[in-house]
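What follows is a guided reading of a predicted model, taken one chain at a time and ending with the aromatic rings. Please keep the structure in view while reading.

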Amino acid sequence: MTPAHKVKITYCAECGYEPQTLALAKALMLEFGARLSCIELIPWDGGTFEVSVDGQLIHSMKTNGGFGDSAAIKDAVRTRLTA
Amino acid sequence: MTIDRSRFDQGLTYDAFKAQMTRNRERLEENEKRVDLAKENVAAFRALPRPVKVVVLAEDWCGDVIANLPVLGRLAQESGKLDVRIFLRDQNDDIMQRYLNKGQFKSIPVFVFFDEDFRELGHWIERPASVTEIRAKRRKEIFAAHPEFGSPDAPVDALPEEVRVRLQSELAKMREDTTKFANAEVVRELREIATRVAA
């Protein structure tokens, strides 16, 4: 049985990060399809933009800066999926 | 880049800024109504020997703009001494580059005060340091009082949804509880800059 892999994107709704959040969610949907069991979008505040896979943080605006490179985030997700 | 009269006149008035907002206008106007200006502060601005021009960098998606621009707006309305012009940050990078927070961050709002001859009196960025400090302290206290919220530095997505919703509610309440202090600090700092204008 294929294990269920969850991606969560926490974004600052106050800051208007919706376009970047939706763009990343779309990129992950197109790349991984049903290999992800869920992509959860979490509206938050305080300038947050964080991406985690199965509870492991793979990008944080606070520590890595910016929204992250989509290709690098996809690589990190892929690594988790094949682990 | 220097601000002169012709550039200043290209900025939006406070009302024009509000009219072009595509989000958060309701919140901004609600905050505007709730700004409680002490009589002595209004009197200090009214007593300015000459009108002061204020260049503002703002965007409607920024929480600090929605919280702090209304304070400036009310001071301008009630004193009649502040001529405010607002420039959208993302369309006016030349101005933004001159007022980067700590020389690197494009933090907004930025309020730059000028006399009538466009000599800069001083500028103000984002929010008072005292507000950042008190909110960080209160945030720590919330996490200390609620072990279920985990570490204040941990990603919130690790929390169960119902815990996350309670944390969000506690943080919103904390911001609400500190708003009066925050507004008073904004007024105090803006007054200190504006009153540098010479007679």
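From the N terminus on, the elements of chain B run α-α-α-α-β-α-β-α-β-β-α-α-α, which gives this chain nine helices and four strands. For its 199 residues, a compact globule would have a radius of gyration near 16 Å, and the 18 Å of chain B agrees with that value. Taken along the principal axes, the C-alpha atoms of chain B fill a box of roughly 55 × 35 × 30 Å.

Within chain B, 48% of the 199 residues count as buried, and of the contacts with a separation of 6 or more, 75% are accounted for by residues 24 or more positions apart. The surface that chain B exposes amounts to about 10200 Å², of which carbon and sulfur atoms supply 48%. As for charge, chain B carries 34 positive and 35 negative charges, and the mean positions of these two sets are 3 Å apart.

One of the positive residues deserves a separate look. Lys18(B) has its place in helix α2 of chain B, which covers residues 14-20, and with a relative accessible area of 7% Lys18(B) is buried, because the cut-off for that class is under 20%. When its neighbours within four places in sequence are left aside, Lys18(B) is in contact with Arg25(B), Leu28(B), Glu29(B) and Glu32(B).

Chain A can be read in the same order of topics. Along its sequence, chain A follows the pattern β-α-β-β-β-α-α, with three helices and four strands. The radius of gyration of chain A is 12 Å, close to the 12 Å that the globule rule gives for 83 residues, so chain A is as compact as a globular protein of that length. The C-alpha trace of chain A spans about 40 × 20 × 20 Å along its principal axes.

Buried residues make up 40% of the 83 residues in chain A, and among its contacts between residues at least 6 apart in sequence, 69% join residues that are at least 24 apart. Chain A exposes about 4400 Å², and carbon and sulfur atoms supply 56% of that area. Its 8 positive and 9 negative charges have mean positions that lie 8 Å apart.

The aromatic side chains remain to be described. A pair of aromatic rings is described by the distance of the centres and the angle of the planes. Over all chains, the count comes to seven aromatic pairs. In one of them, the rings of Phe111(B) and Trp124(B) have their centres 5.0 Å apart and their planes at 10°, so the pair is stacked. Phe111(B) lies in strand β3 of chain B (residues 110-114) and Trp124(B) in strand β4 of chain B (residues 120-125), so the pair ties together parts that are 13 residues apart in sequence. Both partners are withdrawn from solvent by the accessibility criterion, since Phe111(B) is buried with a relative accessible area of 0% and Trp124(B) is buried with a relative accessible area of 3%.

Phe114(B) and Phe118(B) form an aromatic pair that is tilted, at 6.0 Å centre to centre and with 50° between the planes. Of these two residues, Phe114(B) counts as buried at 4% relative accessibility, and Phe118(B) is likewise buried, with a relative accessible area of 13%. In chain A, finally, Tyr17(A), Phe49(A) and Phe67(A) form one aromatic cluster.

Notes
Residues are numbered from 1 along each chain as its sequence is written. Chains are lettered from A and ligands numbered from 1 in the order in which they are written. This is a predicted model: local features need pLDDT of at least 70, side-chain atom pairs count only at pLDDT 80 or more; totals for chains, interfaces and linings use all residues. Side-chain values use heavy atoms; hydrogens and water are left out. Helices (H or I, at least four residues) and strands (E, at least two) are DSSP runs, numbered from the N terminus. The radius of gyration is taken over C-alpha atoms; the globule rule is 2.2 Å times the number of residues to the power 0.38. Buried means under 20% relative accessible area, exposed over 50%, partly exposed in between (1.4 Å probe, protein chains only). Contact means heavy atoms within 4.5 Å. Accessible areas come from the Shrake-Rupley method with a 1.4 Å probe; for residues, only the protein chains shown count as cover. Lys and Arg count as positive and Asp and Glu as negative; His and the chain ends are not counted. The place of a charge is taken as NZ of Lys, CZ of Arg, CG of Asp or CD of Glu. Rings of Phe, Tyr and Trp (its six-membered ring) pair if their centres lie within 6.5 Å; planes under 30 degrees apart count as stacked, over 60 as edge-to-face and the rest as tilted.
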